[in-house]
Amino acid sequence: MKMTRIELDWNLLAELHEILDQEQQRMELTLGQLDTLRSAVIRRDETGLQDLLNQIQIRQNDFSGLDQRRHYLRRRLAEWIGCPESQLNLTRLIRGLPVEQGDPLRQRQQQLHKQIRQLQMEHHLTGLLLADCARLNRTLLRAMLGGVGDSYNAQGRSNWQVQDRLVSVQI
């Protein structure tokens, strides 16, 4: 299928750049939050973890608003270039634009891909740290409680063995 080049309305293009700016800020904020999370876990800073959780909850409304704006803009862009919304992505949009509109978007796309790769790596490393902390906690619990077992499983249910008593109730 041959795609004809369509010049994008400058208002739509400006709105797209604004949303891409906000998405970049969102990723930078998330990278900072992952760094803060790792640091607080390593230092065992419960206050810092609580502050981070509060920040995340406050920002959640901003992010859902950004998601709605992006979804609405995507629908408008899909209508503008004449393709189904489900098939519209930045690469396809850039291919359909003239060079003077597509090149700046291509550069932004490359920056976003770089940030996404960094975010994926940081997310993975944070997951590894938390998994290691959970493993160490389980090991410490087993050592302190004499092999009683895990206090809670991943679903949050207790699986204590009733027959294994920690304290004798006999007088």
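This passage describes the helices of a predicted model and a few residues within them.

The protein chain holds four helices and zero strands. Read from the N terminus, its elements follow the order α-α-α-α. The chain has 171 residues, and 27% of them are buried. Its accessible surface is about 12300 Å². Carbon and sulfur atoms account for 53% of that surface. Contacts were also sorted by separation along the sequence. Among those between residues at least 6 apart, 67% join residues at least 24 apart.

Helix packing comes next. Two packed helices are described by the angle between their axes and the distance between the axes. Helix α1 covers residues 10-43, and helix α2 covers residues 46-81. Their axes come within 10 Å of each other. The crossing angle is roughly 155°. Angles over 145 degrees count as roughly antiparallel, and α1 and α2 are therefore roughly antiparallel to each other. The crossing of α1 past α2 is left-handed. The contact between α1 and α2 contains 15 nonpolar residues, three polar residues and nine charged residues.

Helix α1 also meets helix α4, which spans residues 99-144. The axes of α1 and α4 come within 10 Å and cross at roughly 20°. Angles under 35 degrees count as roughly parallel, so α1 is roughly parallel to α4. Here too, α1 makes a left-handed crossing, this time past α4. By class, the contact of α1 with α4 has 18 nonpolar, nine polar and five charged residues.

Glu 15 lies in helix α1. Its relative accessibility is 19%. Buried means under 20%, so Glu 15 counts as buried. Leaving aside residues up to four places away in sequence, Glu 15 touches Arg 69, Leu 73 and Arg 76. A further distance links Glu 15 to Arg 70, a residue 55 places away along the chain. The C-alpha atoms of Glu 15 and Arg 70 are separated by 9.3 Å.

Arg 44 sits in the loop between α1 and α2. This residue is not a glycine, although its phi is positive, at about 55°. The relative accessibility of Arg 44 is 73%. Exposed means over 50%, so Arg 44 counts as exposed.

Ala 78 belongs to helix α2. With a relative accessibility of 4%, Ala 78 counts as buried. Its contacts, not counting residues up to four places away in sequence, are with Cys 83, Pro 84, Glu 85 and Leu 88. Leu 88 is ten residues from Ala 78 along the chain. The C-alpha atoms of Ala 78 and Leu 88 are 6.2 Å apart.

Helix α3 spans residues 90-95 and includes Ile 94. Ile 94 has a relative accessibility of 3% and therefore counts as buried. Gln 109 is 15 residues away from Ile 94 along the chain. A distance of 9.5 Å separates the C-alpha atoms of Ile 94 and Gln 109.

Gly 96 is placed in the loop between α3 and α4. At 2% relative accessibility, this glycine counts as buried. Gly 96 and Ile 81 are 15 residues apart along the chain. Their C-alpha atoms are separated by 7.5 Å. Ile 81 falls within the residue range of α2, which is 46-81.

The two loop residues thus differ in exposure: Arg 44 is exposed, whereas Gly 96 is buried. The helix residues described here, Glu 15, Ala 78 and Ile 94, count as buried. For α1, the two helix pairings also contrast. Helix α1 is roughly antiparallel to α2, but roughly parallel to α4.

How values were computed. Residues are numbered from 1 along each chain as its sequence is written. This is a predicted model: local features need pLDDT of at least 70, side-chain atom pairs count only at pLDDT 80 or more; totals for chains, interfaces and linings use all residues. Side-chain values use heavy atoms; hydrogens and water are left out. Axes are lines fitted to C-alpha atoms, for helices over the stretch in contact, and angles run from 0 to 180 degrees between N-to-C directions. Angles under 35 degrees count as roughly parallel, over 145 as roughly antiparallel, 65 to 115 as roughly perpendicular and the rest as oblique. A crossing is left-handed if the near helix is turned anticlockwise from the far one by less than a right angle, and right-handed if clockwise. Ala, Val, Leu, Ile, Met, Phe, Trp, Tyr, Cys and Pro count as nonpolar, Asp, Glu, Lys and Arg as charged, and the others, Gly among them, as polar. Buried means under 20% relative accessible area, exposed over 50%, partly exposed in between (1.4 Å probe, protein chains only). Contact means heavy atoms within 4.5 Å. Accessible areas come from the Shrake-Rupley method with a 1.4 Å probe; for residues, only the protein chains shown count as cover.
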